[in-house]
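Work through the exercises below with the model in view, trying each task before reading the solution that follows.

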Amino acid sequence: MRLIHLLAATALVATPLAAQQAPAPEFARIVDEATNQSQVMTLAQHMTDVIGPRLTNSPAMRQAEDWAVAKFRDMGLSNARKEGFEFGRGWSIERSSVRMVTPRPIQLTAIPIAWTPPTDGMVSAPIVVAPMTKREHFAAWRGKLAGKIVLVSPPGSADEPADAAFKRLSGEDIGKLDTFREPTFDPQRIRTREPRLTFEEDLDAFLKAEAALAFARISYRDNKLLHGEGYMHRTGASLPGVEIAAEDYRRLTRLAAMGPAPTLEILSDVKFDDSDSQAYNILADIPGTDAKAGYVMAGAHFDSWVAGDGATDNAAGSAMVMEAARILKAMGVRPKRTIRFALWNGEEQSLYGSIAYIEKYLARRPAPAAPQNSNQNYYGQTERFPVTPLAGYRDLAAYFNIDNGSGKLRGIYAENNSAAMPILREWLSPFAPMGAGNVVFGRTGGTDHQFMAAVGLPAFQFIQDPLDYSSVTHHSGADTFDHLKGPDMRQGAMVLAWMLLKAANAEQPLPRNPVPRQPLPTDPFQTPDPNAE
């Protein structure tokens with residue numbers, strides 16, 4: 001170990017002076033523009049306080065789409081446009097109320113579940129606590145739900161978190177990300193997974209057949225946080241549904257266990273919008289000087305859920321992408337490659353927007369054998385083969401994504417792309433004093449770079465300080481402008497602008513991984529566990 005340290009020190013001393021030069025002048029200009037002229041918080045504030053939650057295809061999202069295109073044009077970007085893809089119904093909340101009226105009146109903390117229908121005015125009925133988490137549970141409740149408000153979640157117990165709600169990453173935390181996880185492919189696990197992916201539709205059909213009046217589920221966080229996620233965006237659910245705060249929900253189940261069952265009043269004034277089933281990605285360019293050099297790209301998802309204002313998820317990332325565009329355009333850069341900026345739509349339901357872009361420009365997989373819901377689309381996306389690169393596959397030289405809240409960028413996931421790691425590390429090196437110089441080998445998922453990387457493209461997601469993203473704001477009613485951190489977002493925008501400029505002017509595109517082929521089972525000699533999750 002001592003010998004290694006000595007050799008490393010010797011190599012550092014022997015490094016040619018040219019390799020130790022300060023970063024190009026563009027670096028100082030980016031830092032100046034991103035700090036002294038920053039508009040990132042102004043952009044985020046308009047998305048959150050003015051427009052508010054941006055559920056895909058909702059009236060607010062239509063407003064946001066037009067605003068973003070106009071803003072890109074005002075910045076001077078070229079070809080700012082909307083690109084549509086098939087999604088489904090729009091949906092929005094006008095007002096709602098859930099009250100317990102017996103054994104005593106209490107205003108409950110609750111929210112309508114997305115893509116559930118409205119009530120016919122105020123409806124009132126006793127509850128029945130009927131926890132159902134898989135189809136096999138339906139038989140126990142057949143014939144017992146007519147005219148009732150059905151509480152379908154197990155009540156569980158109060159949360160007792162062991163970790164602080166607000167967190168910044170330590171070096172040890174980041175080091176744990178620098179690992180290799182062997183890919184797995186277990187056909188048996190895929191088959192046993194399927195019933196879970198369609199359970200929302202199965203439960204909806206069962207409740208309708210049983211003539212239930214409405215249903216309620218428990219919030220998955222304590223402290224009166226609400227989320228309201230629902231995924232039946234193509235057809236809409238059959239029955240009105242509400243999510244009730246965990247503390248209120250558990251009270252209802254305790255009272256029902258004592259008897260008689262409480263009576264609830266529900267008003268769910270929600271609206272479907274079927275005027276346009278297309279959702280729209282927002283795209284804009286800074287043109288490159290070499291038409292044959294391809295393009296680099298940055299993206300963040302623009303849509304959100306409805307309980308809060310979609311601030312940390314993901315007005316933060318969207319504002320950083322737009323601010324990076326503003327910074328580079330204000331500098332008057334003339335990059336070799338075109339720099340493209342994307343605000344994706346439909347990410348929260350199944351990464352629909354970025355998948356639509358991939359299938360239009362980059363690569364295709366065989367179509368699924370039957371129509372799929374959101375869960376099936378997401379989990380089955382990488383299980384269809386072969387992958388067929390399109391004519392534009394080689395044009396994309398690099399993609400950078402931001403979608404983990406407003407925390408400071410601490411580095412980047414290399415997505416198992418070992419050849420790209422030294423280049424990414426070099427590009428990030430000026431930001432080491434800001435804590436953003438880390439490059440880790442491992443992968444991360446659940447956002448819009450994922451399926452680009454899954455077809456071998458050089459697509460990457462930044463590592464961010466989590467702050468209170470996972471503990472409080474993610475998808476919750478607390479996801480408001482108050483939780484955004486201006487210094488962190490200014491740093492993020494400057495990092496993104498710099499990485500885009502380096503990638504756009506690099507002599508060669510970033511290395512890419514092989515186009516994936518149909519994998520073999522991880523261990524064909526091991527008998528699969530039929531009960532595996």
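**Exercise 1. Confidence along the chain**

Task: In this predicted model, find which element of the protein has the lowest mean pLDDT and which has the highest.

Solution: Begin with the elements themselves, where helix α1 (residues 2-14) has the lowest mean pLDDT, 39, and strand β12 (residues 338-344) has the highest, 99. Next, set these values beside the whole protein, which averages a pLDDT of 93, with 93% of the residues scoring at least 70. Then look at the stretches below 50: one of them covers residues 1-20 and has 2 contacts in the model beyond near neighbours in sequence. Another covers residues 529-533, where the pLDDT is also below 50, and this stretch has 6 contacts beyond near neighbours in sequence.

**Exercise 2. Tracing a sheet**

Task: Work out in what order the 8 strands of the open sheet lie, and which strands are its edges.

Solution: Going across the sheet, the order is β3-β2-β9-β5-β6-β7-β8-β4, and the pairing is mixed. The edges are β3 (106-107) and β4 (110-112), each of which pairs on one side only. At the β3 end, β2 and β3 run antiparallel and are joined by 2 bridges, with R99 having Q107 in β3 as its bridge partner. Further in, strand β5 (residues 123-129) pairs with β9 in the antiparallel sense over 4 bridges, and here S124 has E265 in β9 as its bridge partner. With β6, by contrast, β5 runs parallel, and 3 bridges join the two; in this pairing the partner of I127 is I149 in β6. In general, strands of a sheet pair through backbone hydrogen bonds, either parallel or antiparallel.

**Exercise 3. Salt bridges and their surroundings**

Task: The structure holds 21 salt bridges; for the pair R168 and D465, establish how far apart the closest N and O atoms are, and which parts of the chain the pair ties together.

Solution: The closest N and O atoms of R168 and D465 are 2.9 Å apart. R168 lies in the loop between β6 (149-151) and α5 (171-177), while D465 lies in the loop between β18 (459-464) and α15 (469-473), so the salt bridge ties together parts that are 297 residues apart in sequence. As buried means under 20% relative accessible area, D465 counts as buried because its relative accessibility is 2%, whereas R168, at 38%, counts as partly exposed.

A second pair, D274 and R89, has its closest N and O atoms 2.8 Å apart. This pair links D274, in the loop between β9 (263-273) and β10 (278-286), with R89, in the loop between β1 (78-86) and β2 (90-102), and the two residues are 185 residues apart. D274 has a relative accessibility of 52% and therefore counts as exposed.

In a third pair, R217 and E243, the closest N and O atoms are 2.9 Å apart. R217 is in strand β7 (residues 214-218) and E243 is in strand β8 (residues 241-244), so this pair ties together parts that are 26 residues apart in sequence. Both R217 and E243 are buried. Finally, R81, E83, D285, R340 and K360 are linked in a network of salt bridges.

**Exercise 4. The nonpolar cores**

Task: Determine how many residues the largest nonpolar core has, and which have the most contacts inside it.

Solution: The largest core has 75 residues, and those with the most contacts inside it are F72, L328, F341, F400 and L424. Taking F341 and leaving aside its neighbours within four places in sequence, one finds contacts that include F72, L77, I282, V321, L328 and L500. A second, separate core has 22 residues, among them I355, A363, A453 and A459.

**Exercise 5. Backbone exceptions**

Task: Identify which residue P103 is joined to by a cis peptide bond, and decide whether E415, with its positive phi, is buried or exposed.

Solution: Recall that most residues other than glycine have a negative phi, and that most peptide bonds are trans. P103 is joined to T102 by a cis peptide bond with omega about 10 degrees, and P103 lies in the loop between β2 and β3. Another cis peptide bond joins G259 and P260, with omega about -10 degrees. E415 has a phi near 55 degrees and sits in the loop between β16 (409-413) and α13 (421-428); its relative accessibility is 5%, so E415 counts as buried.

Notes. Residues numbered from 1 in each chain as written. Predicted model: local features only at pLDDT ≥ 70, side-chain atom pairs only at ≥ 80, totals over all residues. Heavy atoms only, no water. Salt bridge = Lys/Arg side-chain N within 4 Å of Asp/Glu carboxyl O. Buried < 20%, exposed > 50% of the residue type's maximum accessible area, 1.4 Å probe, protein only. Pairing = 2+ DSSP bridges. pLDDT = per-residue confidence, 0-100. Contact = heavy atoms within 4.5 Å. Core = buried A, V, L, I, M, F, W, Y, C linked by side-chain atoms within 4.5 Å.
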